[in-house]
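Subject: Structure for your files

Hello,

Here is the structure I said I would pass on. My notes on it follow below.

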Amino acid sequence: MFVVFPKNASLSSIMSNPPVDDAPPSSGGALLGAHYWTQQGLPAEDDTDDADSTLGDEIESSTASISSSILNYRNINGRTYHSHAAMDEEYWAPNDPKHLEALDIFYHAIDMMLEGKLHQAPLSQNIENAVDIGTGSGLWAIDFADKYTNCTVIGTDISPVQPSWVPPNLLFEIEDATREWTFRDDHFDYIHMQLLNGAFDSLTHIYSQAFRCCKPGGWFEHVDVSVMVSSDDGSVEENSPLDQYGKLFEAAGNRVNRMSRTADFTTMEDAMMEAGFENITVKKFKMPISPWPSDQRMKEIGLYAYATMTTDVEGIIQFMFGNILGWSQQEIIVYAAYLRQQLRRRNVHGYWTLKVVYGQKPQ
């Protein structure tokens, strides 16, 4: 998941805009600014005598760490970000080990949600060329290359944070997806994108590039997650930390003209149809954000989603809330504490919407 911002839009010019509270997000409802959370003070510790009220030590002990190595880049409040040598834009997600660890955990949650299927599109076993746009740490590309050993697989990203020990049919490249793609026309049997919510001002350019580079008869697939946290029983209450998370993320994206609700509405399928793809299929899944479900499989998915958020809440919101909305470090810390507290509560049945859209280039 990443967001890019125009290079000519300096942070000082962004920060000088009116407070975000005067421009509520399209999702509706109140938008609570940074001062609201600091006025509440740090949240009180939950009553651990009530074993059913929060997840407590049980969930903390179940969270596994994933190690990764990374180079040093830009530094903002102790977090590293991609180098401007890779692209002309600013990219909100850190590329340091802590954030990559969170992304790898979330990759596992998505893998479980999709029942271990690396793709939903009906691919032939003898495909020759595939590309993963925005590959991140490269886990999906590695798994795909292991499965399709006769296929040449390319993973692109703006940060060289991928491992060097990879399958022989896999190559990682530095590529900015917002620019003109360097791949030739009608080349790939399969083009994959995952977790690029908020990366673009629109999907028109990206999907048109995918259409150009896709072979006739080939497939293009985009997997993404809504930033909005929902609940079917109203347990994610309005103005709660989880309710505000998506609204604040959307408000920050709106301020710098970046889509933050890619997986909502019919945005993805409409853009795919506009690009020229056919046989378009849409699949939606409810991904629990904590291990509240009674079903064991969904509970485990919720555990990994919870681990993703709690491993690096500050990294997820640092750039959007701090650099764009103007929150101080203290305000970010206080809000993150409230967010973690709500995530631990068993009676909060929140979920994200995971959306998969794929289409085929006409023969």
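To begin with helix H7, Asp243 is buried, with a relative accessible area of 14%. Please keep in mind throughout that this is a predicted model. The partner of Asp243 is Lys247, and their side chains meet in a salt bridge at 3.0 Å from N to O. Lys247 is buried as well, at a relative accessible area of 5%. The two residues are four apart in helix H7, which means that about one helical turn separates them.

Salt bridges

The structure holds eleven salt bridges. One of them joins Lys355 and Glu269, with 2.8 Å between N and O. Lys355 belongs to strand E11 and Glu269 to helix H8, so this pair ties together parts that are 86 residues apart in sequence. Both Lys355 and Glu269 are buried.

Lys361 forms a salt bridge with Asp186, and their closest N and O atoms are 2.6 Å apart. Because Lys361 lies in the segment after E11 and Asp186 in the loop between strand E7 (170-174) and E8, the pair ties together parts 175 residues apart in sequence. Lys361 is buried, with a relative accessible area of 8%, whereas Asp186 counts as partly exposed at 39%. Lys361 also lies over the face of Phe211, at 4.8 Å from the ring centre.

In addition, Glu128, Asp189 and Lys215 are linked in a network of salt bridges.

Helix H8

Glu269 is one of the buried residues of H8, and the others are Met268, Ala271, Met272 and Ala275. Seen down the helix axis, the buried residues of H8 fall within an arc of 165 degrees, so they line one face of the helix. Met273 and Glu274 are exposed on the other side of H8. The buried residues are covered by elements that include helix H6 (204-213), strand E9 (214-225), strand E10 (278-288) and strand E11 (351-360). Just after H8, Gly276 takes a positive phi of about 120 degrees.

Aromatic pairs

The count of aromatic pairs comes to 14. Among them is the pair of Phe144 and Tyr190: the ring centres are 5.6 Å apart and the planes are at 25 degrees, so the pair is stacked. This pair links distant parts of the chain, with Phe144 in helix H5 (residues 139-147) and Tyr190 in strand E8 (residues 188-194), 46 residues apart. Both Phe144 and Tyr190 are buried. Together with Trp140 and Tyr148, Phe144 and Tyr190 form one aromatic cluster.

Phe220 and Phe277 form a tilted pair, at 5.4 Å centre to centre and 35 degrees between the planes. Phe220 is in strand E9 and Phe277 is in the loop between H8 and E10, so that distant parts of the chain, 57 residues apart, are linked. Phe220 counts as buried at 0% relative accessibility, and Phe277 is buried with a relative accessible area of 4%.

Positive phi outside glycine

Glu115 is not a glycine, yet its phi is positive, near 55 degrees. Glu115 is placed in the loop between helix H4 (97-113) and strand E5 (129-133), and it is exposed, with a relative accessible area of 57%. Phe265 is likewise not a glycine and has a positive phi of about 60 degrees. Phe265 lies in the loop between helix H7 (241-255) and helix H8 (267-275). At 53% relative accessibility, Phe265 counts as exposed.

Regards

Note on methods
Residues are numbered from 1 along each chain as its sequence is written. This is a predicted model: local features need pLDDT of at least 70, side-chain atom pairs count only at pLDDT 80 or more; totals for chains, interfaces and linings use all residues. Side-chain values use heavy atoms; hydrogens and water are left out. Buried means under 20% relative accessible area, exposed over 50%, partly exposed in between (1.4 Å probe, protein chains only). The arc is that of the directions from the helix axis to the C-beta atoms. Contact means heavy atoms within 4.5 Å. Rings of Phe, Tyr and Trp (its six-membered ring) pair if their centres lie within 6.5 Å; planes under 30 degrees apart count as stacked, over 60 as edge-to-face and the rest as tilted. A charge sits over a ring if NZ of Lys or CZ of Arg is within 6 Å of the ring centre and within 35 degrees of the ring normal. A salt bridge is a side-chain nitrogen of Lys or Arg within 4 Å of a carboxyl oxygen of Asp or Glu.
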